[in-house]
Amino acid sequence: RLHGVRELLSSKWGNLINRCCGPKFNLARGVSTFNSRSPEELSQILTEGPTRKAFKSLVSQLDELPGYLHDHFTQFDTSGPLKQIWSIINDTNTFVQLSEPWNKKGDEQDLIIYTAMEVARILSILSQPVIPELSGKFLDRIDVSKERRSLRFAELGADASYGQGSNVKGREVPISRIPLR
């Protein structure tokens, strides 16, 4: 069971961050371009169809998540919130696979990467009570300043300053797989 949780963290969440922070992409440009725009405006940049639908679903899930987490955490329930976080991570990975940012250019590519890293940023902030060290590593990897890791910044577009060095080649991986013996 522990291996399954670690696998989920490294294969899904860690891999999402590592892929989107690769040198082919530019997270900082996406943050500066899209940070102040509404989700409705952003969705128009994406190709009509499954990519746009997946984007809208992610935005909706992020809007509902803080209230859901609050309700469960105040009842000392961590398993429900973690399952919800895993579900959103899976949906974000599906969004990236479906939208194929490696085959896009310009605003559409930047928006896909920005969206995926906004999800990772927000989920990392919200999961700090449960996995503080790993959440910190994820936030460090995408260059979120220590002052911007509170609930105030746990919403879409709330931080316009992260991502500056995220796509520099050779950065440390926040979590990696440990092979089973």
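Glu48 and Arg52 join their side chains in a salt bridge, with N and O 2.5 Å apart; the term covers a side-chain nitrogen of Lys or Arg within 4 Å of a carboxyl oxygen of Asp or Glu. This is a predicted model, where local features need pLDDT of at least 70, side-chain atom pairs count only at pLDDT 80 or more, and totals for chains, interfaces and linings use all residues. Residues are numbered from 1 along each chain as its sequence is written, and side-chain values use heavy atoms, with hydrogens and water left out.

**Salt bridges**

- Side chains of opposite charge can pair when their charged atoms come close.
- Searching the whole structure turns up eight salt bridges.
- In the opening pair, Glu48 is exposed, at 61% relative accessible area, while Arg52 counts as buried at 11%. (Buried is under 20% relative accessible area, exposed is over 50%, and partly exposed lies in between, using a 1.4 Å probe and protein chains only.)
- Arg29 has a salt bridge to Asp110, and their closest N and O atoms are 2.5 Å apart. This pair ties together distant parts of the chain, with Arg29 in helix α2 (residues 27–34) and Asp110 in helix α6, 81 residues apart.
- Arg29 is partly exposed at 38% relative accessible area, but Asp110 is buried at 3%.
- Asp140, Lys146 and Arg149 are hooked up in a network of salt bridges.

**Helix α6**

- Helices here are DSSP runs of H or I with at least four residues, numbered from the N terminus.
- Helix α6 takes in residues 106–126, and its 21 residues should span 30 Å at 1.5 Å a residue; the end C-alpha atoms are 30 Å apart, so that agrees. (The expected span is 1.5 Å times one less than the number of residues.)
- Most of α6 is covered, with 19 of its 21 residues buried.
- Glu118 and Arg121 share a salt bridge (2.8 Å, N to O), and both of these residues are buried. They sit about one helical turn apart, because they are three residues apart in α6.

**Where α2 meets α6**

- The two helices, α2 and α6, pack at about 95°, and their axes are 8 Å apart. (Axes are lines fitted to C-alpha atoms over the stretch in contact, and angles run from 0 to 180 degrees between N-to-C directions.)
- That makes α2 roughly perpendicular to α6, a label for angles of 65 to 115 degrees.
- Among the residues in contact (heavy atoms within 4.5 Å) are Leu27, Val31 and Phe34 in α2, and Leu111, Ile113 and Met117 in α6.

Key: Parallel < 35°, antiparallel > 145°, perpendicular 65-115°, else oblique.
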